[in-house]
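Here are a few exercises to work through with the model open beside you. Try each task before you read its solution.

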Amino acid sequence: MVNAVPRLVVAAPSSGSGKTTVATGLMAAFAARGLAVSPHKVGPDYIDPGYHALATGRAGRNLDAYLCGPELVAPLFLHGARGCDLAVVEGVMGLFDGAAGEGELASTAHVAKLLRAPVVLVVDASSQSRSVAALVHGFASWDPGVRIGGVILNKVGSDRHEELLREALDSSGVPVLGALRRTEQVDVPSRHLGLVPVAERRAAAVDAVAAMAAQVVRGCDLDALEALARSAGALPEGTAPWTPEPPAHDQPPRPAGKRGPVVAVAGGEAFTFSYAEHTELLAAAGAEVVPFDPLHDEQLPDGTAGLVVGGGFPEVYAAELSANEPLRRAVADLALSGAPVAAECAGLLYLCRELDGRPMCGVLDATARMTGRLTLGYRDAVAVGDSVLAAAGTRMRGHEFHRTVVEPGAGAAPAWGVRAPARRVEGFVQQGVHASYLHTHWASEPGVARRFVERCRTS
């Protein structure tokens, strides 16, 4: 039965406790046992799912109750977990930390409750012994709707340290399901926006995931963790998997044998931020989705009728992107022709006249540069005018995550009006171009993909 997929959520009291190591290691360890493992990540993070995909051989998928709404969390989970034996969901920040000022919304605890999934709490046990029991008791009793089914102790200093921690937790009612040594931390490099993505260090990332799996196998009770996952309750009656397929009455007729419009989707090392559901929605709307790499490909895919350039790190690869002049010209020519172009964050920078003084595509009369300031947070947005993605007045929720600035921040026809944290307009709409800093999840508004593909057919 699809809504009875065994599952558990890996959470922590705070960021930096070791969630990614434990979650990714568990995924890989269960996969090595011959289980088909479905990997998920709470929140808008694009990078951790890349490591999850390496661990499981399946697309890492996000579960974000803010971007998609609480009502889509379980359906999106079931969509990703279809055909799997077990699912592991990595949390975000601390267990109860959600969207600022929105209570539990989009927190790991919120998603765990929506999925009726038990939680494994990863605790950084360094510099404490008996106090760990008070910490675990507090987290286990804070919200009766959250079931903490076990603890994994991380950064344990010695056998004696582990013994003291286990003694302290004996009376807590929360079993210890693992203990990982402090000296065995896996080296996964970070930079200005978090971990370095898998696409930029594939061989080293494979080794890192293998090391995480080995660490988890050595230190955790996999049988007990699998049993905990199998104790998850059934999802509410009637919960069905999300599907990218449009309702029958919304599907435009397609002449027999006719190829759908080619939508080129940027990838490679510079553009690694994307949700799996976006390409699924484009394909379901009738597009032929073709990936390309702006670092190495000198032309767009043959027959390109539309272009999607998502997030990533163009600032890291500005010299290489700038040096690929043939592709920059091809992108500019496509945009000038009026073809649909959707660009988010990194894609916005790529379409600018220049980035950190290096020539980019010149589609937008704007410049971009790195700064020392992090812009981070959820946003409520409304489409200011009609575009290839949305009709005027369409409301969507987005997420900003960057250390760059674009000047000006909005064109004569902005992409979005943003209501919080301050009212402003941002982004650019011109001809067929929609470019913005906001990352959005199209599953929350499937009409976005259908509108885009239809414009590719008719432009």
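**Exercise 1. Work out how H1 passes H2, how their axes are arranged, and which residues make the contact.**

Solution. Start with the crossing: H1 goes past H2 in a right-handed way. Keep in mind that you're looking at a predicted model.

Next, find the two helices. H1 covers residues 19-32 and H2 covers residues 48-56. Their axes lie 8 Å apart and make an angle of about 20°. Angles under 35 degrees count as roughly parallel, so H1 is roughly parallel to H2.

Now pick out the contact. On the H1 side you'll find Thr20, Thr24, Met27, Ala28 and Ala31. On the H2 side, look for Asp48, Tyr51, His52, Ala55 and Thr56. Sort the residues of this contact by class and you get 5 nonpolar, 4 polar and 1 charged.

**Exercise 2. Describe how H2 packs with H7, and sort the residues of their contact by class.**

Solution. Locate H7 at residues 202-219. The axes of H2 and H7 are 10 Å apart, at an angle of about 70°. The range 65 to 115 degrees counts as roughly perpendicular, and H2 and H7 are therefore roughly perpendicular to each other. The crossing of this pair is right-handed.

Then check who touches whom: H2 brings Tyr51, Leu54 and Ala55, while H7 brings Arg202, Ala205, Val206 and Val209. The tally for this contact is 6 nonpolar, no polar and 1 charged.

Tyr51 and Ala55 may ring a bell: they were in the H2 list for the contact with H1, and here they are meeting H7.

**Exercise 3. Find the salt bridge between Glu280 and Arg61, and say whether each partner is buried, partly exposed or exposed.**

Solution. First the distance: the two side chains meet with N to O at 2.7 Å. Then the positions: Glu280 is in helix H9 (residues 276-284) and Arg61 is in strand E3 (residues 61-63), so to speak a long-distance call, with the two positions 219 residues apart in the numbering. Last, the accessibility: Glu280 has a relative accessible area of 22% and is partly exposed, whereas Arg61, at 11%, is buried.

**Exercise 4. Do the same for Asp159 and Arg181.**

Solution. The closest N and O atoms of this salt bridge are 2.3 Å apart. Asp159 belongs to helix H6 (residues 159-169) and Arg181 to strand E7 (residues 176-181), with the partners 22 residues apart. Asp159 is exposed, with a relative accessible area of 61%. Arg181 comes out at 18% and counts as buried.

**Exercise 5. Which parts of the chain does the pair Asp380 and Arg419 tie together?**

Solution. Begin with the salt bridge itself, where the closest N and O atoms are 3.6 Å apart. Asp380 lies in strand E16 (residues 367-383), and Arg419 lies in the loop between strand E18 (416-418) and strand E19 (424-426), so the pair ties together parts that are 39 residues apart in sequence. Asp380 counts as buried at 13% relative accessibility, and Arg419 counts as partly exposed at 41%.

To finish, look for a network: Arg33, Asp223, Glu226 and Arg230 are joined into one by salt bridges that share partners. If you'd like to keep hunting, a search of the whole structure finds 23 salt bridges.

Terms used
Residues are numbered from 1 along each chain as its sequence is written. This is a predicted model: local features need pLDDT of at least 70, side-chain atom pairs count only at pLDDT 80 or more; totals for chains, interfaces and linings use all residues. Side-chain values use heavy atoms; hydrogens and water are left out. Axes are lines fitted to C-alpha atoms, for helices over the stretch in contact, and angles run from 0 to 180 degrees between N-to-C directions. Helices (H or I, at least four residues) and strands (E, at least two) are DSSP runs, numbered from the N terminus. Angles under 35 degrees count as roughly parallel, over 145 as roughly antiparallel, 65 to 115 as roughly perpendicular and the rest as oblique. A crossing is left-handed if the near helix is turned anticlockwise from the far one by less than a right angle, and right-handed if clockwise. Contact means heavy atoms within 4.5 Å. Ala, Val, Leu, Ile, Met, Phe, Trp, Tyr, Cys and Pro count as nonpolar, Asp, Glu, Lys and Arg as charged, and the others, Gly among them, as polar. A salt bridge is a side-chain nitrogen of Lys or Arg within 4 Å of a carboxyl oxygen of Asp or Glu. Buried means under 20% relative accessible area, exposed over 50%, partly exposed in between (1.4 Å probe, protein chains only).
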